[in-house]
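Student: I have the model open and want to test the labels people put on it. Can we go through them one at a time?

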Amino acid sequence: QVQLVESGGGLVQAGGSLRLSCAASGRTFSLLATGWFLQAPGKEREFVAAINWSGAIVHYADSVKGRFTISRDNAKKTVYLQMDSLKPEDTAVYFCAAGRNGPLGDMNYWGKGTLVTVSS
């Protein structure tokens with residue numbers, strides 16, 4: 001079993017930066033792909049970024065390419081999402097997820113989310 005806890009959300013002005021962290025428990029974390037997803041108010045959850053177990057393969061949604069960077073530290077069992085040049089439309093609850101099916105496969109484990117609010 002893997003548990004995920006997100007942190008680092010908050011209120012930031014447009015153009016600013018935030019770094020989200022996702023701390024994991026469980027012995028198999030280093031073997032899992034991990035990803036970040038967002039859910040804006042009144043909308044469905046959508047993909048943001050994902051990274052494979054070693055960190056060698058990353059994927060991004062078109063809307064965040066060039067602004068967000070996903071990374072992981074398996075020794076610390078932590079995944080990060082560096083968010084730069086934030087826009088008001090990035091406002092959402094951000095969820096961390098992990099899975100056994102590769103960075104673009106179904107995720108098996110989910111955190112509870114952290115709220116990011118970007119003011120204009």
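Tutor: Start with rings. Rings of Phe, Tyr and Trp, the last by its six-membered ring, pair if their centres lie within 6.5 Å. Planes under 30 degrees apart count as stacked, over 60 as edge-to-face and the rest as tilted. Keep in mind that this is a predicted model.

Student: How many aromatic pairs does that rule give?

Tutor: The count comes to two aromatic pairs.

Student: What makes the pair of Phe-37 and Phe-47 edge-to-face?

Tutor: The ring centres of Phe-37 and Phe-47 are 5.8 Å apart, and the limit for a pair is 6.5 Å. Their planes stand at 75°, over the cut-off of 60, so the pair is edge-to-face. Phe-37 is in strand β4 and Phe-47 in strand β5, ten residues apart.

Student: Why is the pair of Phe-37 and Trp-110 called tilted?

Tutor: Here the centres are 4.9 Å apart and the planes make 55°. That angle is neither under 30 nor over 60 degrees, so the pair is tilted. Phe-37 lies in strand β4 and Trp-110 in strand β10, so the pair ties together parts that are 73 residues apart in sequence.

Student: Which residues do the ring pairs link into a cluster?

Tutor: Phe-37, Phe-47 and Trp-110.

Student: How do you know whether Phe-37 is buried or exposed?

Tutor: Compare the area with the cut-off. Phe-37 has a relative accessible area of 14%, under the 20% limit, so Phe-37 is buried.

Student: And what are Phe-47 and Trp-110 called?

Tutor: Phe-47 is at 25% and Trp-110 at 33%. Partly exposed covers the range between 20% and 50%, so both Phe-47 and Trp-110 get that label.

Student: What makes you say that a charge sits over the ring of Trp-110?

Tutor: The charged end of Arg-45 is 3.8 Å from the ring centre of Trp-110. The distance limit is 6 Å, with a further condition of 35 degrees from the ring normal. Arg-72 also lies over a ring face, that of Phe-29, at 4.7 Å from the centre.

Student: Why is Cys-96 called buried?

Tutor: Its relative accessibility is 0%, under 20%, so Cys-96 counts as buried. Cys-96 is found in strand β9. Beyond its sequence neighbours, Cys-96 is in contact with residues including Cys-22, Trp-36 and Trp-110. The C-alpha atoms of Cys-96 and Val-5 are 7.7 Å apart, with their positions 91 residues apart along the chain.

Student: Which residues have the most contacts inside the largest nonpolar core?

Tutor: That core has 30 residues, and those with the most contacts include Leu-4, Trp-36 and Phe-68. Among the elements that give two or more residues to this core are β3, β4 and β9. Phe-68 touches Val-48, Leu-81 and Tyr-94, among others.

Student: Why are β1 and β7 called edge strands?

Tutor: The open sheet of four strands has the order β1-β3-β8-β7, with antiparallel pairing. β1 and β7 each have a single partner strand, so one side of each is left without a neighbour in the sheet. The twist averages 15° from one strand to the next.

Student: How do you know that β3 and β8 pair?

Tutor: Pairing needs at least two bridges, and six join β3 to β8, so these strands pair. Ala-23 has Thr-78 in β8 as its bridge partner.

Conventions
Residues numbered from 1 in each chain as written. Predicted model: local features only at pLDDT ≥ 70, side-chain atom pairs only at ≥ 80, totals over all residues. Heavy atoms only, no water. Core = buried A, V, L, I, M, F, W, Y, C linked by side-chain atoms within 4.5 Å. Buried < 20%, exposed > 50% of the residue type's maximum accessible area, 1.4 Å probe, protein only. Contact = heavy atoms within 4.5 Å. Axes fitted to C-alpha atoms, helices over the stretch in contact; angles between N-to-C directions. Lists of a residue's contacts leave out its neighbours within four places in sequence.
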